[in-house]
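Let's take a walk through this structure together, one piece at a time. Keep the viewer open so you can click along as you read.

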Amino acid sequence: MQALYNQYKGLLFKLAYQLTGSVSDAEDVVQDVFLKIHDVPPEKLAEPKAYLCKMVTNRCRDLQKSARRKREQYYGEWLPEPFLSPEEDVMESVVRDDLLSYAMLVLLERLSPTERTVFVLREAFGFEFLEIAELVDKSEVNCRKLLSRARTKMGISAGELVHSEEANHEWVHGFMAALKQGNMNQILSMLDQDVVLVSDGGGKVTAADEPIVTGELVARFLLGPVRQASMVEGAAVIEIGQINGQPSLILRSSEGIHTVAMLQIEENKIQNLYFIRNPDKLKHVG
């Protein structure tokens with residue numbers, strides 16, 4: 001049992017996380033699954049990867065249904081929970097490209113639980129449609145239709161790749177420097193003119209209640225409340241960290257991390273900015 005846990009815990013965590021958008025829920029799902037397989041007859045574990053993934057997808061679909069009701073009552077914008085990228089040894093048995101970008105996780109919220117499951121299994125993990133059909137108890141043809149419907153809802157064309165461009169550390173350092181210096185022109189040059197900034201405070205800390213749209217308004221927000229919030233006795237406390245496998249901005253005070261900013265980059269410009277400020281969602285980056 002310990003061997004199965006060591007081999008598949010990373011895979012199952014990434015699967016559960018992308019199906020729920022919650023680090024806490026993903027950890028609980030993985031723990032619950034490994035507790036339950038103690039009672040599973042050995043013959044059912046002849047194909048352990050498929051069996052464990054099916055257990056995870058079933059558990060996550062149950063969670064998704066209850067989570068959707070909770071999110072309808074959530075104050076302000078809801079964003080997925082970020083997490084520090086796993087250490088090297090944890091990822092040894094996990095394919096590196098099986099984690100969708102944070103921006104893609106945001107788009108997954110548009111999908112039904114089954115559509116989300118099919119999309120993640122296919123686009124993040126590269127499962128064949130026959131395998132997916134067995135995991136979600138649908139026909140192979142139905143799974144293909146579910147994937148097509150999911151891509152349409154997410155605004156992804158048939159031939160478009162789902163792994164979006166990532167900013168390198170040098171580019172992010174330049175953006176961080178522009179913020180610290182209050183360089184409006186430099187910031188505007190790095191923002192798409194239709195950039196959108198979404199902020200999630202969960203009603204527990206100050207955050208924009210609605211998305212902020214266009215480069216000029218986003219730049220003003222970044223140079224106003226954001227820059228002020230990142231100043232402690234005149235010293236800017238903005239860092240770069242590897243969050244969800246991509247370079248991200250971390251705003252820290254003497255009390256700890258209070259904001260994580262995830263960037264979606266296309267053609268060397270920021271298309272979307274996601275500010276996670278709800279303290280409940282920052283437990284796994286502190």
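**Following the strands**

Start where strand 7 and strand 8 pair in the antiparallel sense over seven bridges. Keep in mind as you go that you're looking at a predicted model. To find the two strands, look for residues 256-266 for strand 7 and 269-276 for strand 8. A good landmark in this pairing is L263, which stands opposite L273 in strand 8.

The two strands form a hairpin with two residues between them, and E267 there takes a positive phi near 50 degrees. That's worth a click, as E267 has this positive phi although it is not a glycine. Is E267 buried or exposed? With a relative accessible area of 73%, E267 is exposed, because the cut-off for that is over 50%.

Now stay with strand 8 and look at its other partner. Strand 1, residues 191-200, is joined to strand 8 by six bridges, and these two run parallel. Here L197 stands opposite L273 in strand 8. So you've met L273 twice: it has L263 opposite it in one pairing and L197 opposite it in the other. Strand 8 is also mostly covered, with seven of its eight residues buried.

Go back to strand 7 and step the other way, to strand 6. Strand 6 and strand 7 pair in the antiparallel sense too, this time over five bridges. For a landmark, R252 stands opposite I257 in strand 7. These strands also make a hairpin, with two residues between them. Strand 6 is largely enclosed by the rest of the structure, because six of its eight residues are buried.

One more step takes you to strand 5. Six bridges join it to strand 6, and the pair runs antiparallel. I243 has Q246 in strand 6 as its bridge partner. Once again you get a hairpin with two residues between the strands, and N244 in the turn has a positive phi of about 55 degrees. Like E267, N244 is not a glycine: this is stated for N244 and for E267. Their surroundings are another matter, though. N244 counts as buried because its relative accessibility is 3%, whereas E267 is exposed at 73%.

**The pocket and the helices**

Next, let's look at the largest pocket, which has a volume of about 700 Å³. Which elements give two or more residues to its lining? They are helix 3 (48-72), helix 4 (102-108), helix 5 (113-124), strand 7 and strand 8, so two of the strands you've just traced come back here. The lining has 33 residues in total, and A103, V106, L107, R110 and Y274 lie nearest the pocket's centre. By type, the lining divides into 17 nonpolar, seven polar and nine charged residues.

While you're in helix 4, find M104. M104 is buried, with a relative accessible area of 7%. Setting aside residues up to four places away in sequence, M104 touches F119, M154, I156 and V162. Its C-alpha atom is also 9.5 Å from that of Q18, although the two are 86 residues apart along the chain.

**A last look at the cysteines**

How many disulfides does a search of the whole structure find? Zero. If you'd like to look at some cysteines anyway, try C60 and C143. C60 is buried, with a relative accessible area of 0%, and C143 counts as buried at 0% as well.

Terms used:
Residues numbered from 1 in each chain as written. Predicted model: local features only at pLDDT ≥ 70, side-chain atom pairs only at ≥ 80, totals over all residues. Heavy atoms only, no water. Disulfide = S-S within 2.5 Å. Buried < 20%, exposed > 50% of the residue type's maximum accessible area, 1.4 Å probe, protein only. 1 Å grid on protein atoms, 1.4 Å probe; cavity = no way out; pocket = protein on both sides within 12 Å on 5 of 7 lines; lining within 4 Å. Points joined across faces, edges and corners; volume = space filled by probe spheres on them. Helix = DSSP H or I, 4+ residues; strand = E, 2+ residues; numbered from the N terminus. Nonpolar A, V, L, I, M, F, W, Y, C, P; charged D, E, K, R; others polar. Contact = heavy atoms within 4.5 Å. Pairing = 2+ DSSP bridges.
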